[in-house]
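Visitor: I would like to learn how to read a structure like this one, feature by feature. Could you walk me through it?

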Amino acid sequence: MKVLGAAAGGGFPQWNCACPNCHSVREGSDSHQPLLQSSLAVSANEKDWYLINAGPDVHRQIESFPALHPGPGIRETPLAGVILTDAEFDHTIGLLSLREGSCLTIYGTETVRKSLQSCFPVLPLLENYCSWEWQSLHPDHRKRIGPTGIGKEKTIVIETVPVSKKPPLYTRSNMEENDTGDCWEVGLVLHNESTGRSLAYFPTLERITPAIEACFQKADILMVDGTFWSETELVEMGATKRDARNMGHLPISGPSGIAEKLAKYSAKRKILIHINNSNPILNKDSMERRTLERLGFEIAYDGMGVEV
């Protein structure tokens, strides 16, 4: 697995943000590293690769990772598909950049599919440019992902876990069409049957349900929501009136924060990803980052490799 982007929506720096972090990274500070928007590349055989979410940085992300480069044929690509955890712009708008004639398999829940058919009609738009196949992910079920006709040890088994019923903001004008029971965001547990190991990937977490807790207890690697350090991080900066939980994210710090909740799990690695530009842990010299490192947490970065 390769981290293609570790930042939350907007990337780091964010184009319209003048917070201390964004100012420092623009100034070239050694303590800050630019980050693209969150996305992973995963493969079980190092030939067929799948993106987990495709955001606006997808072109740069493919170019940044040689394993995703096309060839040897003129239009051959190792990119076999895209797995979506939700229908947010930050995770789906990159599908439009993958339209140049390749045949992709797109995985997501039925709620995400319906949204991409109507509210943000990416799928109908793509039909005029390329061929694609939709494969539905069903919450609490496992799905084998990979080319047919090869051994199961060369495929990935994905377990889909409900996370949130919070729809993207752009669906508000179509709220009457949304079922309040729809699951809009999911987390994924990626199982490597060859090693018997698994990684739980939850780029957004608004709470830890019993189902999520069960995943965290058995996963060897946790890669989870590191969007905000504190509940009122953006409010205190004057950037918004919405706090972390209102935006669908548990903060890292404080009572019942991510750091406290993850302390009880025995996973060998605990990695924070989907980090907002305002988060002080983006400063390598910050007290907040050093605190997390002392607790055994890793902070994801673009190009980080993880073997499951």
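Guide: Happy to. This is a predicted model. Let us begin with a pocket: strand S9 (residues 185-192) makes the largest share of the lining of the second largest pocket, three residues.

Visitor: How does one look for empty space of this kind?

Guide: Rolling a probe the size of a water molecule over the atoms shows where empty space is left. Here, the second largest pocket has a volume of about 560 Å³. Its lining has 24 residues, and Met 1, Ser 43, Ala 44, Asn 192 and Glu 307 are the closest to the centre.

Visitor: Which classes of residue make up the lining of the second largest pocket?

Guide: Eleven are nonpolar, eight polar and five charged.

Visitor: And what volume does the largest pocket have?

Guide: About 840 Å³. Gly 9, Asp 90, Arg 242, Met 247 and His 249 are the closest to its centre, out of 34 lining residues. Two or more lining residues come from each of helix H3 (89-92) and helix H7 (233-237), and H3 gives the most, with three. By class, the lining of the largest pocket holds 13 nonpolar, 14 polar and seven charged residues.

Visitor: Now the sheets. In what order do the strands of the open sheet of six strands lie?

Guide: Read the order from edge to edge: S1-S2-S3-S4-S5-S6, with mixed pairing. Strand S1 (2-5) and strand S6 (132-136) each have a single partner strand, so each has one side without a neighbour in the sheet. From one strand to the next, the twist averages 25 degrees.

Visitor: How do strands S2 and S3 run, parallel or antiparallel?

Guide: Antiparallel: strand S2 (residues 39-42) is joined to strand S3 (residues 49-52) by three bridges. To find the register, look for Leu 40, which stands opposite Ile 52 in S3.

Visitor: Which helix lies across strand S5 and S6?

Guide: That is helix H4 (residues 110-117), which crosses strand S5 (104-108) and S6 and runs at about 145 degrees to S6.

Visitor: Stepping back, how many helices and strands does the protein have?

Guide: Nine helices and 13 strands.

Visitor: And how do I judge the overall form?

Guide: Compare the radius of gyration with that of a compact globule: for 308 residues the globule would have a value near 19 Å, and the protein has 19 Å, so the two agree. The C-alpha trace spans about 50 × 45 × 40 Å along the principal axes.

How values were computed:
Residues are numbered from 1 along each chain as its sequence is written. This is a predicted model: local features need pLDDT of at least 70, side-chain atom pairs count only at pLDDT 80 or more; totals for chains, interfaces and linings use all residues. Side-chain values use heavy atoms; hydrogens and water are left out. On a 1 Å grid over the protein atoms alone, a cavity is a set of points where a 1.4 Å probe fits but cannot get out, and a pocket is an open set with protein on both sides within 12 Å along at least five of seven lines; lining residues have an atom within 4 Å of a point. Grid points are joined across faces, edges and corners, and a volume is the space filled by probe spheres set on the points. Helices (H or I, at least four residues) and strands (E, at least two) are DSSP runs, numbered from the N terminus. Ala, Val, Leu, Ile, Met, Phe, Trp, Tyr, Cys and Pro count as nonpolar, Asp, Glu, Lys and Arg as charged, and the others, Gly among them, as polar. Two strands pair if DSSP finds at least two bridges between them. Axes are lines fitted to C-alpha atoms, for helices over the stretch in contact, and angles run from 0 to 180 degrees between N-to-C directions. Contact means heavy atoms within 4.5 Å. The radius of gyration is taken over C-alpha atoms; the globule rule is 2.2 Å times the number of residues to the power 0.38.
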